[in-house]
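Trainee: Could you walk me through how to read helix packing and a nonpolar core? I have the model open and would like to learn by example.

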Amino acid sequence: MPHELGSLASFALRGAESLIARSGGGGRLSILVYHRVLARADAMFAGEVDAAAFDWQMALLAEHFQVLPLLEAVRRLRDGTLPPWAACVTFDDGYADNYDVALPILQKWQVPATFFVATAYLDGGWMWNDAVIEAVRQAPGETLNLTPLGLSCHSLATPRLRRKAAATIIACLKYLPPEQRRTAVWRVLHRASAKLPDSPMMSSGQVRALHNAGMEIGGHTVSHPILAGLDQAAAYAEIADGKEQLERIGAGAVRLFAYPNGKPGRDYRHEHVEMVKRCGFAAAVSTAWGAAGAAGDSFQLPRFTPWDGTPLRFGLRLLQNARREGQLAGIPAG
Ligand SMILES: [Zn+2]
């Protein structure tokens, strides 16, 4: 047990492990999902981990779980050779802090990880939701009046209200057609008198460097659309082109896929699962919560992130999740 986690947390987690193992909860695969690992805490990203928290989380994972590369874990889940307390670490979208901040910590604890990258934002791009957050961060004064855009008026008087304003605007725009959404985001930036700083996303060189460091790179489409909102040809092109672009920039053979947004039945449907298989992927992950069991669908593996701020609570929630079979097979066909 790493010293900084404390002996009480270690003792309690060992007890919980053996209790859960006796109840048959140890045979599933826990796949953690992260987006950003911030160099330092940021009031606009209260839900994301910073370097210090990610460091103890990886220490705890390395100590209590058998962390495997995702592709290997899926193969072992299928053929029944998954070790007890198996876990994988994944990152979505392709943020530069994955390379700058997360990679050295992963290497320190010898934790392998998979990075799902949306290729359109490499080398200087902005995802629309991050542009909204930046607009709200920079908006001067205590209110942001977006009534002329049909997005109401938001109080920005406290950091919590600024986060809430950004979340409300993002929720309103999320399911708009991409073109319409892009226009709306530019208008929000304009109303907030905001200028986008340097891109928070990785360069192609950083993706290649992650691969060269032994990490897995996975497909996450080109532009991160809600697949269920696209016609069939456009959805297929997003999945296939994202894979091809990653392979072209030297990310290795791309065998893993993550559905953008990832909620089964809402963000993607059965036909998209079939497309992922046709494109030559070996497995795919969703954002349905739970742990993956041997009987589940390896093209819709559930994921999970404990949200707790202390090692003991984080560890207990992780152990509790390992008992819970994800809801994998329930999405309607067609
Ligand atoms: Zn994503």
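Trainee: Which residues in helix 5 meet which residues in helix 6?

Mentor: Happy to help, and keep in mind that this is a predicted model. To read such a contact, list the partners on each side. From helix 5 come N129, V132, I133, V136 and R137, and they meet R162, A165, A166, I169 and I170 of helix 6. By character, the residues of this contact are 7 nonpolar, 1 polar and 2 charged.

Trainee: What is the angle between helix 5 and helix 6, and how far apart are their axes?

Mentor: Geometry comes next: an angle, a distance and a hand. Helix 5 (residues 128–138) packs against helix 6 (residues 159–173) at about 145°, and the axes are 9 Å apart. Their crossing is right-handed.

Trainee: Which residues touch the most other members of the largest nonpolar core?

Mentor: For a core, look for its best-connected members. Here they are I31, C88, V136 and A284, in a core of 93 residues. V136 is also one of the helix 5 residues that meet helix 6. Helix 2 (residues 51–64) supplies the largest share of the core, 6 residues.

Trainee: Why does this core lie between domain 1 and domain 2?

Mentor: Because both domain 1 (52–124 + 203–316) and domain 2 (128–191) give residues to it.

Trainee: And what does I31 touch?

Mentor: Leaving out residues up to four places away in sequence, I31 touches L70, C88, T90, V285, A292, L301, R303 and F304. C88 appears again among the core members with the most contacts to other members.

Trainee: How much of the protein counts as buried?

Mentor: Of its 334 residues, 43% do.

Technical notes: Residues numbered from 1 in each chain as written. Predicted model: local features only at pLDDT ≥ 70, side-chain atom pairs only at ≥ 80, totals over all residues. Axes fitted to C-alpha atoms, helices over the stretch in contact; angles between N-to-C directions. Helix = DSSP H or I, 4+ residues; strand = E, 2+ residues; numbered from the N terminus. Left-handed = near helix turned anticlockwise from the far one by under 90°. Contact = placed C-beta atoms within 7 Å. Nonpolar A, V, L, I, M, F, W, Y, C, P; charged D, E, K, R; others polar. Core = buried A, V, L, I, M, F, W, Y, C linked by C-beta atoms within 7 Å. Buried ≥ 20, exposed ≤ 12 C-beta atoms within 10 Å, placed from the backbone. Domains from an automatic or database assignment.
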